[in-house]
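Visitor: Please show me the model, and then let us go through its charged side-chain pairs.

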Amino acid sequence: MDTATLEEMRTTLRGPVIGPRDAGYDEARKIYNAMIDKRPAALVPCTDAADVMAAVTYVRDHGLELAVRGGGHSGPGLCLVDDGVTVDLSPMRWVRVDPEARTAEVGGGSRLGDLDHATQAFDLATPTGIISMTGVGGLTLGGGHGYLTRKYGLTVDNLIAADVVLADGSFVTASETEHPDLFWALRGGGGNFGIATSLTYRLHPVGTVGAGVTVWPVDSTRDVLAWYREFLPQAPEDVYGFFAVLVVPPGPPFPEELHGKKVCGIVWCCTGDLDGLDETLSVVNDAGRPAFHFTTPMPYDALQGMFDELIPTGYQWYWRGDFFDSIPDAALDVHLEYGRNNPTPLSLMHLYPIDGAAHRVGPDDTAWSYRDALWSGVFAGVDPDPANAETIRRWCVGYQEALHPYSMGGSYVNFMGSGEGQERVRATYRDHYDRLARVKRTYDPDNLFHANQNIEPARG
C-alpha cells in the first residue's frame, strides 16, 4: 500500500487507521503468539458493523489483502497479513445477556472471559474453550470445544444466529431461517465466508462446578492413558476431563516438590452433584496412585481463567492438532516418549473429549465434520525465549507426526499450524469440503477472505 492510499483510507473511514509510522503500530500488531512477526500496511480498529462494512468495501475496491482479527489468538497468525489490511474487531467487546430467554449476544471482538463474566452473573454459560483470553469469534467459527462439550455440545451447536459482513460489504444475519446455507458453513467453516460482527448463543444452567487436577509421574503415562481411554467415554456426561502431558508449573495448588517435574495428568470439570465430587473422582486411583490430586468447588468462570497466567500473551508458540477415535497401545508409547522428552516447562499435549452431547448432532447438520471423533488432540511447543523457537517447533511436529498414523486424518481447524497445506484443510472438512466450496462461491466468489485455513470457491 502506498502512502497516498493509506492517507485516502484515513479520510474515507470513520475510525483510526494505524500505519507502520504511527506510534501505536507495534502494539496494534502484537498478537498472542510472539513467534509471528507480520507487518500489515494498515490496521483498522472497528467499533461497529458499519465500520467493518466500510473497511471491507475499501479493501475490496482497492484490491488490497485482507485479514480479520478478533481475539488475536490465532496460532499461525492468520489475523495479520504482511503489507495488507487487518480489520481489527477488538474494540467490539460487549455482551448482552437475556436471562429469561437464556441467550447471550456477543460482539465480534469479545473474548471468552467477557462472555463468561456476563453469563455467570445469572449462573448461565455456553460451551467454549479453556483459555479466557481466546477470541469468541474465531473459536466459534472453527467449532469450539471445552469443559461443557460432553454435557452441552460444541460451541457451534449452541450458536443461534450471527451478524455477518460479506465480501461485497453488505450485512446479513445468518440463522436456521435466514441464509441457512451460510449459517451451516459458519458453524465450523472458519473465517472463510465473512466477518462475524456479533454472535448469539443458547445458554445453559452452569454456576459453581467441581474442578480438579490429578497428576502422575511421567513414567506412568502409558498406564494412566490406558485407563483414561476406557473410563472417560463411559463416564456420565456431567464428568469432563482432558488428558495432558506437561511440566508442573511453580505455584499453587501444586506442592513445591513437584514444581518442574514432567508429569501426565487430567484436568476435571464436573457439573453434577458437588456433594459427591470427591467420591466421583476417587476413580483416579484406578489408574495408579497419583503424585497429586486436588478437587474444589469453583465458579465456572474462574476455572475458565485458571491457566491464563501460565501462558500469557507474548510467548513463542507452535501448535498442531489431530482428531482421534481411539487410542491404541502403540499410541501410548508415543505419548510416553514425547512426555519424557518435553523440551520446555510450558510445552504440552492435550486430549480434549468431544463425545456426549456433541455426538447427538447429525454429521451433516453443521460444517464440523468429525462428529464420530472421541478426542481432539493439540500438540503445543511453548516458551518465552525466541532462541527456543525451533526446539519447540521440532518437538511439536515430531509428536504430531508420530501419532498421525493413529488419527482420523484431519484436525480441529483452530489447532492447525502454519504451513500444513491445502490437503490438511481438505482432510479437516472431509466430505463437507465441496459443499463449503459451493457456499464460498455464493458469498465470497473472489476469495477476499483467504487469510485463513482457506476453502477455495467452487468453480463453475
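What follows is a short exchange on salt bridges.

Guide: This is a predicted model, in which local features need pLDDT of at least 70, side-chain atom pairs count only at pLDDT 80 or more, and totals for chains, interfaces and linings use all residues. Residues are numbered from 1 along each chain as its sequence is written, and side-chain values use heavy atoms, with hydrogens and water left out.

Visitor: How many salt bridges does the structure hold?
Guide: A salt bridge is a side-chain nitrogen of Lys or Arg within 4 Å of a carboxyl oxygen of Asp or Glu. By that criterion the count is 26.

Visitor: Is D51, which meets R14 in a salt bridge, buried or exposed?
Guide: The N to O distance of R14 and D51 is 3.0 Å. The pair links distant parts of the chain, 37 residues apart, with D51 in helix α3 (residues 49-61; a helix is a DSSP run of H or I, at least four residues, and a strand a run of E, at least two, numbered from the N terminus). Buried means under 20% relative accessible area, exposed over 50%, partly exposed in between (1.4 Å probe, protein chains only). R14, at 60%, is exposed, whereas D51, at 9%, is buried.

Visitor: What is the relative accessible area of D322, the salt-bridge partner of R424?
Guide: R424 lies in helix α13 and D322 in strand β15, 102 residues apart. R424 counts as buried at 10%. D322 is also buried, and its relative accessible area is 0%.

Visitor: Which helix holds both E390 and R394?
Guide: Their side chains meet in a salt bridge at 3.8 Å, N to O. The two residues are four apart, about one turn, in helix α12.
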